[in-house]
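Q: Please take a close look at one part of this structure, the second largest pocket, and describe what lines it. Then set that pocket in the context of the chain.

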Amino acid sequence: MVTLLSCLVTALVLSYATGFMLKLRRREFGMYLTLGMTRRNIQTLFACETGLLSGLALLVGMGLGLVIFQLLAALFAAILEIPFAVSAYSAQGILLTLAVSIGLFLLSTLASLRYLKKVRVSELLKEAAVEKSEKHPVLWCVLSAVTLAGFIACLVITYRSLMAAFHQQDGVELLLWLAIDLGMVFLTHFTLSRTLAGMLLRCGRLKNRGTNAVVLRGLSGKMTVNALLIGALATLLVFAIVMSNVAFSEKVYTDLTIEKECPYDVMALFDLSEEPGVSMDEGRETIEKYSPITGELDFQLHSLGETTLCSSIMGYEEMGWTDLYMSLSQFNRLLTGCGNEPVSLEKEYLLVTDVQGICDVDFSGKPVILNGQTYTWGGSSTAYPDFARRLFMYFVVPDAAVEAMPQPMSGQPIRWKTTARTPRHWCMS
């Protein structure tokens, strides 16, 4: 899509530049024909001159582009805090750029040569016609208002699609609306440029100042092409801004995901039921080869084997889920050990999960009775670090709720060490 969009803009720019050069030299070519030069001579002269200028521009442009590419790569590496290395150039990309540029140049040149072959000498010699006023100014004002309103409406719908994509994990509709937004950007700038040109041309006081009349008359002569270029350039700028924001958002999302899924410098997962397996002592020895473990913190998950809360989640029977509880004091020790703020609960339970669909389930009508005390739903969150790996969810409750409750999942120590400068965390599960 980016390649096609770039080709479209390049074609518009080349056709505009070639037509502009041809327009400036119309009377010159007409004079050559009057003095006895053949049309083939004129075509050869024009093709050689434009080919020389285009070839030089292509070489200079590609050279600068290759250098600027490395500078931009270094800039993005510095912003995203990743090591920078000189990026390799794609031979396929360079060849594709050459092929597209040469092809577009040939098309625009052939169109100009065809014009020189069929145009009359009288048309070349006469003064070029210039639009003195924009046609249908009221219509363009109405179209500008309509496209601007449509663009705003598309932005609102795109925002709603973005919010829905986070919950439904489906971005097809969002991509469709983003494409429509780019189209509306083009149409909005195209109609606004035509409207603005008409308003300026109808303002006599503005035209009579300095060289404004010459500039406005020159713009009006190619208003359609100018409007197309303005729309295309605006679309490219919006696309570049959107992609830059997407890159930064992806960087932030990746950092948050890593911090959530692995809030430690080293995380080791052991399945002690499998053979051959690695024992906890062997895991501890492996970690201490890199740095000594100076402290440890154990936590347990409790369960009565009931499904009072899990029954609200679709598919819990197939997954074999039961209600698992963690005491509030242990949960807060885990949070503060990783530098997070502790939470507080009073006769409430907190659902901690990694799955957004589970987090969206409403537990407001699901109180649970533990040790003779009723606890109501105090909220759900996917933002906390994933302490209990390989579990879809568990419920944090006050300490009194899990007193004397069985511990089907225990002995999962979380360990960390502290260096002289900053705390470095280690985990064994």
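A: What follows describes the pocket, then one helix that lines it, then the cavities and the chain as a whole. The model is predicted.

The second largest pocket has a volume of about 1200 Å³. Its lining is made up of 31 residues, and those closest to the pocket centre are Ser6, Gly61, Met62, Gly65 and Thr97. Four elements each give two or more residues to this lining: α1 (2-24), α3 (39-80), α4 (91-118) and α10. Of these, α3 supplies the largest share, with 12 residues. Sorted by class, the lining of the second largest pocket holds 19 nonpolar and 12 polar residues, and no charged ones.

One of the contributing elements, α10, can be checked for its length. Helix α10 runs over residues 223-261, which is 39 residues. At 1.5 Å a residue, α10 should span 57 Å, and the C-alpha atoms at its ends are 56 Å apart, so the two values agree. Some residues of α10 are buried, that is, they have under 20% relative accessible area. The buried residues are Met223, Asn226, Ala227, Leu229, Gly231, Ala232, Ala234, Thr235, Phe239 and Lys260. A general point helps in reading such a list: an α-helix has 3.6 residues a turn, so residues three or four places apart point the same way.

Besides pockets, the structure holds 2 cavities of 30 Å³ or more. The largest cavity has a volume of about 50 Å³. Its lining consists of Val352, Thr353, Asp354, Pro385, Asp386, Phe387, Ala388, Leu391, Phe392, Met393 and Tyr394. Two strands, β4 (348-353) and β7 (393-397), each provide at least two residues of that lining. By class, the lining of the largest cavity has 8 nonpolar, 1 polar and 2 charged residues. Charged residues are thus found in the lining of the largest cavity, whereas the lining of the second largest pocket has none.

Finally, the chain as a whole. The secondary structure comes to 14 helices and 9 strands. The chain has 429 residues, and 32% of them count as buried. Among contacts with a separation of 6 or more, 74% are between residues 24 or more positions apart. The chain exposes about 26000 Å², and carbon and sulfur atoms supply 64% of that area.

How values were computed: Residues numbered from 1 in each chain as written. Predicted model: local features only at pLDDT ≥ 70, side-chain atom pairs only at ≥ 80, totals over all residues. Heavy atoms only, no water. 1 Å grid on protein atoms, 1.4 Å probe; cavity = no way out; pocket = protein on both sides within 12 Å on 5 of 7 lines; lining within 4 Å. Points joined across faces, edges and corners; volume = space filled by probe spheres on them. Nonpolar A, V, L, I, M, F, W, Y, C, P; charged D, E, K, R; others polar. Expected span 1.5 Å × (residues − 1). Buried < 20%, exposed > 50% of the residue type's maximum accessible area, 1.4 Å probe, protein only. Contact = heavy atoms within 4.5 Å. Areas by Shrake-Rupley, 256 points an atom, 1.4 Å probe, with all protein chains shown as cover.
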